[in-house]
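Here is a short report on one chain. Please look over the sequence and the fold before reading on.

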Amino acid sequence: AYNCLIHFYKRNLTNMNLSKAKADQAKVDQAKAHLAKAKRELAKAEAKFASSEFEFARKGVEVAKRIEVLEKELELKKELIAQVKADQNKTDLVKVDEVKVSKNGREKICWKCASFQKLYRCAGCKVAWYCGDSCQEEDWHRHSGWCVLRERKRKEKRDGQDQKEI
């Protein structure tokens with residue numbers, strides 16, 4: 001009877017250990033699943049962060065390139081003006097004294113090619129000068145933002161004055 005009792009307890013103890021081992025294994029499997037999910041979410045977050053970093057860097061490079069282009073254009077225009085002033089005695093170039101000056105004291109010069117020939121004022125902003133439609137169209141990508149804003153402000157001011165008269 002004693003041996004039966006020992007055998008019974010051993011079998012129950014083994015069954016309890018198996019149940020506990022299965023429960024522990026289930027907890028381990030659940031923890032592994034949570035860990036795998038966390039790793040996937042971390043990988044997604046890292047990928048999103050990397051793509052936003054890349055996008056930020058790409059935009060920074062685009063802005064730097066645009067600034068470089070504008071600086072080169074400005075330098076070219078300065079060089080052209082300096083060349084015209086230096087070569088004012090040559091007959092094939094317009095003399096600086098013949099350069100017309102606008103009402104605000106600025107020299108009338110084509111904003112695209114720096115020509116002093118017959119110039120037309122931009123109808124939008126009334127500030128920029130161009131020697132023809134082709135120069136204005138080529139310069140529009142650079143000039144458009146400022147021009148549209150200037151024209152809008154001028155129109156708002158004019159509308160405000162019209163409201164005061166009424």
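## Ground rules and layout

Helices are DSSP runs of type H or I with at least four residues, numbered from the N terminus. The model is a predicted one. The chain holds two helices and two strands. Along the sequence their pattern reads α-β-β-α.

Helix H1 covers residues 2-86. Strand S1 spans 120-121. Strand S2 takes in 129-130. Helix H2 runs over residues 133-165. Of the 166 residues in the chain, 16% are buried.

## A salt bridge within helix H1

How many salt bridges are there? The count comes to three. One of them joins the side chains of Glu-68 and Lys-72, with 3.3 Å from N to O. Both residues belong to helix H1. They sit four residues apart, which is about one turn of the helix.

Are the two partners buried or exposed? Glu-68 is partly exposed, because its relative accessibility is 42%. Lys-72 has 55% and so counts as exposed. The cut-off for exposed is over 50%.

## A network across two helices

Arg-142 takes part in a salt bridge with Glu-73, at 3.3 Å from N to O. This pair links distant parts of the chain. Arg-142 is in helix H2 and Glu-73 is in helix H1, 69 residues apart.

Arg-142 also meets the side chain of Asp-139 in a salt bridge, here at 2.8 Å from N to O. Asp-139 and Arg-142 are both in helix H2. Three residues separate them along the chain, about one turn of the helix. Together, Glu-73, Asp-139 and Arg-142 form a network of salt bridges.

What is the exposure of the two helix H2 members? Asp-139 is buried, because its relative accessibility is just 1%. Arg-142 has a relative accessible area of 27%, so Arg-142 is partly exposed. Buried would require a value under 20%.

## The aromatic pair

The structure contains one aromatic pair. Its members are Trp-111 and Trp-146. The geometry is tilted: the centres are 6.5 Å apart and the planes make an angle of 40°. Trp-111 lies in the loop between H1 and strand S1, and Trp-146 lies in helix H2, so the pair ties together parts that are 35 residues apart in sequence.

Both rings belong to residues in the middle exposure class. Trp-111 is partly exposed, because its relative accessible area is 24%. Trp-146 is partly exposed as well, at 39%.

Trp-111 can also be placed relative to helix H1. Leu-74 is part of that helix. The C-alpha atoms of Leu-74 and Trp-111 are 9.9 Å apart, with their positions 37 residues apart along the chain. The relative accessible area of Leu-74 is 46%, so Leu-74 is partly exposed.

## Two positive phi angles

Most residues other than glycine have a negative phi. Which residues depart from this pattern? Ala-114 has a positive phi of about 65°. Lys-126 has a positive phi near 65°. Neither residue is a glycine.

Ala-114 is in the loop between H1 and S1. Its relative accessibility is 8%, so Ala-114 counts as buried. Lys-126 is in the loop between S1 and strand S2. Lys-126 is partly exposed, because its relative accessible area is 41%.

## A positive surface patch

Lys-126 returns in a second setting. Along with Arg-121, Lys-155 and Arg-158, Lys-126 gathers in a patch of positive charge on the surface. Arg-121 belongs to strand S1. Lys-126 belongs to the loop that lies between S1 and strand S2.

Why can Lys-126 belong to such a patch? Patch members need over 30% relative accessible area and no salt bridge. Lys-126 has 41%, so Lys-126 passes the cut-off on area.

## Links between the parts

Contacts between the two helices include the salt bridge of Arg-142 in helix H2 with Glu-73 in helix H1. Helix H2 also reaches the loop between H1 and strand S1, through the pairing of Trp-146 with Trp-111. The bridge of Glu-68 and Lys-72, in contrast, stays inside helix H1.

Definitions and conventions: Residues numbered from 1 in each chain as written. Predicted model: local features only at pLDDT ≥ 70, side-chain atom pairs only at ≥ 80, totals over all residues. Heavy atoms only, no water. Buried < 20%, exposed > 50% of the residue type's maximum accessible area, 1.4 Å probe, protein only. Phe/Tyr/Trp six-rings, centres within 6.5 Å; stacked < 30°, edge-to-face > 60°. Patch = residues over 30% accessible without salt bridge, like charges linked within 9 Å, V, L, I, M, F, W, Y side chains within 5 Å. Areas by Shrake-Rupley, 256 points an atom, 1.4 Å probe, with all protein chains shown as cover. Salt bridge = Lys/Arg side-chain N within 4 Å of Asp/Glu carboxyl O. Lys, Arg positive; Asp, Glu negative; His and termini not counted. Charge placed at Lys NZ, Arg CZ, Asp CG, Glu CD.
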